[in-house]
Amino acid sequence: MNRFDHCRICLIALLLPVLVSSAFAITKPKTNTTVFAIIDLVGLDSDMVKVTVLPPTFVKDKPFIYIMPASVPGTYAQYDFGRFVKKFQAFDKKGKTLEVTRLNANEFAISTSEKLAKIEYWVIDTFDDLTDSLEVFNPVGTNFQKDTNFLLNYAGLIGYFNDYKSVAYEVKILKPTEMYGATAIKKKVVSTGEDIMYAKNYDELVDNPAMYSLPDTVSYRQGNALISVAVYSMTGVVKASFVANVLKPITKAVERFFGTMPVDHYSFILYYASPGRRDINRKGGLGALEHNYCSMYFMAESQDTNQVRGFLNRTASHEFLHILVPLHLHSEEIADFDFRNPKMSQHLWLYEGVTEYFATLAQIHDTLVTEKEALGMFRQKIFTQGFMSFKPVSLTELSTRVLEPEWQKIYPIIYEKERLSG
Ligand SMILES: [Zn+2]
């Protein structure tokens, strides 16, 4: 999710900011270009978490809108995370409440935003969401479970101010002292009850979820990269040491496939749900989501270690290979993701299909999968995709229209078809 902007510059354009900023340095008060947020995991109220947001100093004079994402990169579905925000309030620096208009599920307009000093609201976790439609895919969701687990995907907790998506974020997490926060982003441990996460902008914040639970972690080196593994298992049946042993051959195969490790650090963060949990049976509940330096997993516990190993093998190699596409090769719709009105490009076949193909290829290259097993996997794909759609599907049309309900229904075909054409 890099951004590249090129424009013509001239000497006056170069000098102007210097002149303006030196004049402003005398007359304007100190500006704050960071969004500060506090997420309180200790003062839980009926499974709701309180969020406090201190805005940056607004440099533009107009009403500001606080936006929770409609969707996030990599999910190809609309979730409307604003639905989980309750009791939204805005205050001036004297603590007086300011008028707020809720424009839709995701957007809050603050009428006198030049006076805005603080926002407070409460958030419900997506794991306990009972809505049948718009169900949030668990690896991108939130879980607030006192004493056991907090899954923090920031899209479900913190928003951004329109026109200020690119400012830095500092997020303070007030946490139970016995819990450890697993994340790939820069983190400062202030005390046993407080961590601070640093993101250079909103995209980076959303790209770096965290999981808090009793620590069960393993780290190891793969080439030039430090690989970290953090596991929360509801009944304790799955351990980080087991997961790390499954992951080691995969990261090794990927290193050989690329020739070198494409990142210097990477975190696998895994939530293992017990078979009795409703989430497992809900549509689309199990799986994982890729990020630039980590992947987040919602998996099913099982006493059958072969089953746990097999599912993790398949999922982790796919997520890790996403480093290639779309994380480091993508269209502008991904590079500057519009969290408000997500736009889909024609490239789902590239992002998901090619990744799925490479995931198998890397394992064949490293002899983790035999030729016979690979042919069996391809055969299964041909069989499965035949049931998903009886008529031909244009993969580029599916890519651009995937947010439409009719196309969303056949979205999983992208994982089956591409391995055939790849
Ligand atoms: Zn994928």
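At what angle do the axes of H3 and helix H7 (residues 348–365) cross, and within what distance do they come? In this predicted model, the two axes come within 9 Å and cross at roughly 95 degrees. That makes H3 roughly perpendicular to H7, since angles of 65 to 115 degrees fall in that class. On the H3 side, the residues involved are Ala253, Val254, Arg256 and Phe257, and they meet Ala362, Gln363 and His365 in H7. Sorted by class, this contact of H3 with H7 comes to four nonpolar, two polar and one charged residues.

H3 also packs against another helix. Two packed helices are described by the angle between their axes and the distance between the axes. For helix H3 (residues 240–258) and helix H5 (residues 305–321), the axes come within 10 Å and the crossing is at roughly 40 degrees. H3 and H5 are therefore oblique to each other, as that angle is neither under 35 degrees nor in the 65 to 115 range. The handedness of the H3 and H5 crossing is right-handed. From H3, the contact takes in Val243, Val246, Leu247, Ile250, Thr251 and Val254, while H5 supplies Arg309, Leu312, Asn313, Ala316, Ser317, Phe320 and Leu321. By class, that works out as nine nonpolar, three polar and one charged residues. Val254 turns up here opposite H5, and it is also listed among the H3 residues that meet H7.

Stepping back to the whole chain, there are eleven helices and 21 strands. Buried residues account for 37% of the 422 residues. As for how the chain folds back on itself, 70% of the contacts between residues at least 6 apart in sequence join residues at least 24 apart.

In soluble globular proteins, nonpolar side chains tend to be buried together. Here the largest nonpolar core holds 98 residues, and the members that touch the most others are Ile39, Val51, Met211, Val231, Ile269, Leu270 and Tyr271. Take Ile269: leaving out residues up to four places away in sequence, Ile269 touches Ala182, Pro209, Met211, Ala230, Cys294, Met296 and Tyr297. Met211, then, is both a contact of Ile269 and one of the core members with the most touching partners.

Ile39 gives a second view of that core. Ile39 sits in strand E1 (residues 34–45). With 25 other C-beta atoms within 10 Å, Ile39 is buried, because 20 or more is the mark for that class. Beyond residues up to four places away in sequence, Ile39 touches Val49, Val51, Leu152, Leu157, Val171 and Ile173. A long stretch of sequence is bridged too: Ile39 and Leu174 are 135 residues apart in sequence, yet their C-alpha atoms are 6.2 Å apart in space.

One of those Ile39 contacts, Leu157, can be followed from the other end. Leu157 is placed in the loop between strand E10 (149–152) and strand E11 (160–161). Loop or not, Leu157 counts as buried, because it has 25 C-beta neighbours inside 10 Å. Its contacts, leaving aside neighbours within four places in sequence, are Ile39, Val51, Val123, Thr142 and Leu152. Val51 and Leu152 are thus contacts of Leu157 as well as of Ile39. Leu157 and Ala37, 120 residues apart along the chain, have C-alpha atoms separated by 9.9 Å.

The loop between strand E3 (64–67) and strand E4 (85–91) is worth a look for its backbone angles, starting with Tyr76. Tyr76 has phi near 55 degrees, a positive value in a residue other than glycine. In the loop between E3 and E4 there is also Asp80, with a positive phi of about 55 degrees although it is not a glycine. What about their surroundings? Tyr76 is buried, with 21 other C-beta atoms within 10 Å, whereas Asp80 is partly exposed, with 16 other C-beta atoms within 10 Å.

Finally, there is Ser219, in strand E17 (residues 217–222). A count of 13 other C-beta atoms within 10 Å is why Ser219 is classed as partly exposed. Residues up to four places away in sequence aside, Ser219 touches Leu226, Ile227, Ser228 and Val229. The C-alpha atoms of Ser219 and Ala240 are separated by 9.3 Å, with the two residues 21 apart along the chain.

Note on methods: Residues numbered from 1 in each chain as written. Predicted model: local features only at pLDDT ≥ 70, side-chain atom pairs only at ≥ 80, totals over all residues. Core = buried A, V, L, I, M, F, W, Y, C linked by C-beta atoms within 7 Å. Buried ≥ 20, exposed ≤ 12 C-beta atoms within 10 Å, placed from the backbone. Contact = placed C-beta atoms within 7 Å. Helix = DSSP H or I, 4+ residues; strand = E, 2+ residues; numbered from the N terminus. Axes fitted to C-alpha atoms, helices over the stretch in contact; angles between N-to-C directions. Parallel < 35°, antiparallel > 145°, perpendicular 65-115°, else oblique. Left-handed = near helix turned anticlockwise from the far one by under 90°. Nonpolar A, V, L, I, M, F, W, Y, C, P; charged D, E, K, R; others polar.
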